[in-house]
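Dear colleague,

I am passing on the structure we spoke about, and below it I have set out what was found when the coordinates were examined. Please read the notes alongside the model itself.

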Amino acid sequence: MTVNPKVNPKKLRPYDTPPKRRRSPIPGAPDSAANGFLAAAAVWFSLASGLGVLAILLRIGHFNITFPLGLFELAFQLDERRVDTAFVNATVYGWLTNAGFAAIVFMTPRLTGRRLVGVPGLNIANAIWNLTLLGGLAALTVFDLGPNQPLTAMPWLMTGGLAFAALIVTGSVLATIGSSLRTAYVSVWFACIALLGLLGMLGLVATVGIVDWFIHFDELPLALFSAFVERAIPALWLLGMAYAMLHYVVPRAVGHPLASGGLAILTWLAWLVLAPASALAALADPSIPFFVVTIGAVATMLLLLPASFAVVNLTSTVRGRWSVLLGPGPAAAAFVSVVFLLASTLLAGIRSLEDVATFVGGTEWDNGLFIWTMYGAFTLAALAIAQHAFPRTLKRAWSPTLLSAAAMWLVFVGVTVAGVALMGGGIAEGSFLAQGTAPEDIDAGILGYQAVAFGAFGLVALGALAHLADMFLLFTSARPVEYAIPGASAAAVASH
Amino acid sequence: MRLPAWAVGLTVFALLVGGVYFASNLAGESPPFAIPGASGPAPGPSGGADPAVGEALISQATPPCTSCHGPDLAGSGNFPSLHGVAEGPKSENLQDLAAANPDTWIHLWIDGTTPETEGIDRGGMPMFGEQFTPEQIDSIVAYLETLP
């Protein structure tokens, strides 16, 4: 905001026109970037969970919607695969990535004691990311999805837009951290690698898309590459950010320092080595040497190691403040997230065993695990950071309300039940497939499981709406209050 | 910053266990990758049927095929061997059926409930069409066709 320097506001007479204030069209206030990403994340959370409900409904009803657009023989199509793809993209790139960006731009200045570099650029990145994603989701309903898994199904132009926005965020965060990375808190280390992982994967997908535009690859290599990225983005970006958020929020929510810095570093090291290798497990095909897939399977199983370390470290951090976990604040959400993180990592390890993969691979079991991982572990970590950060970035006095409690518990109950129902359905489906049961009989056999999952995931969607309403009420009606300003002094940062 | 000894020990132990698992799973072959949006694996001699499913169904049949045709389906007493059925029937009573239905005679014979097999002496062979769906019988045929 700038004031016309030719007019001295103190010398205005009653009949003078006040000087015009020119507002910059791009916000540049220190926490405006975190606010923007948090708001976008809350909207995407509602949208993604709504798409999840629709995706389960389509699995039950098996109906398609198609109508021509009257342009280049294109048609709008809504079928099971397209809605599944849109749901995964809205969840990963919409809800969880916006929450991840918000967490990074919120934590970095507070943990390094430096002012965030390039805030207007971050707000532009926010606009690019979310508009591109909206365009990408629209494209998913029109264009051929090819041999792609959901996270690589958008046209390369859209993925390139996402990569560009991620590049801006990465540049800003790295410029802010600068030379203080070595001494920074472990959350910054997790966030840096996670962000670089996301940028690398998106850049790779866009590059492969452009090359494929000129030299058409065969379906199989493209499908294998897509499967690798589908596994690598959650393992590197989302899991890394979940660790970063949890190591940041838990000590602050319970008011204790982290129990062991050494254990946190060991967690980081184990994750850093195992997460990229775990994506190799997705390359299961006779054309890939078997030992490569085995490396991926072993790494997936060993990811239980950093998860166990994080559970021990964060649980030890809570010591003596167990009552905080029963309340509706960020501590409860963070702790439930830790539990889901351990459970979903364990299940992913079991899933990577060859016999288990043969039995439940491609069944509803995978969808149940997806819901536990994305909406249990990662979503509850993101809810915790949102509930911790939003009052501070908006400078509002806030104590947990009925809505924030509703958001947490609805998501917890919905995710638990939906995940268990789908995993149960997947085991039943695996049994039917092993017996050579006809497809219509399999559909009838797992209908009950899907119906339970449909109802339970509806609770998650309600929880998302409660979170959105909570954020809105916080913005509109909470009392303004001052928090410590990041970058003001190291002492202020330490207590923030 | 001190690394907890128990955590370092656990890491070393987990890496050892992972190494043993890796070493014992070096050889093998992954199943064909299921390409999203593709119409499924290339159909075999019996369409999209799965021989592995057929092998499982053979022991689940009532009575199991092995109870009459022998434990390795190589024949037993009056019951013929099922090896080599892909090249044509060995029993006299099935020659006409195979001549009239060269691609589907095995399926029709196992099913036994269709008009094509009416009047043929089954020699004690159950009508498995009453137990299995056509897709399951396809899988059984696919398995039998793999027997040398």
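**Notes on the predicted model**

A:Lys395 is found in the loop between α12 (364-394) and α13 (402-434) of chain A. Please keep in mind throughout that this is a predicted model. The phi angle of A:Lys395 is near 55 degrees, a positive value in a residue that is not glycine, and A:Lys395 counts as partly exposed because 14 other C-beta atoms lie within 10 Å.

On confidence, chain A has a mean pLDDT of 89, with 95% of its residues reaching 70 or more. The exception I would point to is residues 487-496 of chain A, over which pLDDT stays under 50, and for which the model has 15 contacts beyond four places in sequence. Where pLDDT is low, the predicted coordinates should not be read in detail.

Two helices of chain A were checked for length. Helix α3(A), residues 119-140, has 22 residues and should therefore span 32 Å at 1.5 Å a residue, and its end C-alpha atoms are 31 Å apart, which agrees. Its buried residues include A:Val119, A:Leu122, A:Trp129, A:Leu133, A:Leu137 and A:Leu140, and also A:Asn123, A:Asn126 and A:Asn130; what covers the buried residues of α3(A) includes α1 (32-61), α2 (80-112) and α4 (156-177) of chain A. Helix α14(A), residues 439-477, has 39 residues, so that at 1.5 Å a residue a span of 57 Å is expected, and the 54 Å between its end C-alpha atoms agrees with this. There is nevertheless a kink of about 45 degrees in α14(A), centred on A:Leu447.

Turning to the interior, the largest nonpolar core has 174 residues, and those with the most contacts inside it are A:Ala41, A:Ala102, A:Ala242, A:Met245, A:Leu246, A:Ala334 and A:Ala381. The largest share of this core comes from α6(A), with 23 residues. Leaving out residues up to four places away in sequence, A:Ala381 touches A:Ala242, A:Met245, A:Leu246, A:Ala334 and A:Ser337. Apart from this core lies another, of 20 residues, among them B:Val85, B:Ile106, B:Ile137 and B:Ala142.

As for the two chains together, 36 residues of chain A are in contact with 32 residues of chain B. On the side of chain A that touches chain B, α6 (219-254), α7 (261-278), α8 (290-302) and α9 (304-318) of chain A each supply at least two residues, and α8(A) gives the most, with 8 residues. The residues of that side divide into 23 nonpolar, 10 polar and 3 charged.

Two further loop positions may be worth inspecting. A:Gly146 has its place in the loop between α3 and α4 of chain A, and it counts as partly exposed because it has 15 C-beta neighbours inside 10 Å. Setting aside neighbours within four places in sequence, A:Gly146 is in contact with A:Leu222 and B:Gly37, while A:Gly146 and A:Glu219, which are 73 residues apart in sequence, are 8.1 Å apart in space, C-alpha to C-alpha. In chain B, B:Arg122 lies in the loop between α5 (105-111) and α6 (134-144), and B:Arg122 counts as exposed because it has 11 C-beta neighbours inside 10 Å. From C-alpha to C-alpha, B:Arg122 and B:Leu94 are 9.5 Å apart in space, with their positions 28 residues apart in sequence counted as the separation.

With kind regards

Methods. Residues are numbered from 1 along each chain as its sequence is written. Chains are lettered from A and ligands numbered from 1 in the order in which they are written. This is a predicted model: local features need pLDDT of at least 70, side-chain atom pairs count only at pLDDT 80 or more; totals for chains, interfaces and linings use all residues. Helices (H or I, at least four residues) and strands (E, at least two) are DSSP runs, numbered from the N terminus. The expected span of a helix is 1.5 Å times one less than its number of residues. A residue is buried if 20 or more other C-beta atoms lie within 10 Å of its own, exposed if 12 or fewer, and partly exposed in between; C-beta atoms are placed from the backbone. Two residues are in contact if their C-beta atoms, placed from the backbone, lie within 7 Å. The bend at a residue is the angle between axes fitted to the seven residues ending there and the seven starting there. Ala, Val, Leu, Ile, Met, Phe, Trp, Tyr, Cys and Pro count as nonpolar, Asp, Glu, Lys and Arg as charged, and the others, Gly among them, as polar. A nonpolar core is a set of buried Ala, Val, Leu, Ile, Met, Phe, Trp, Tyr and Cys residues joined through C-beta atoms within 7 Å. pLDDT is the predictor's confidence in each residue, from 0 to 100.
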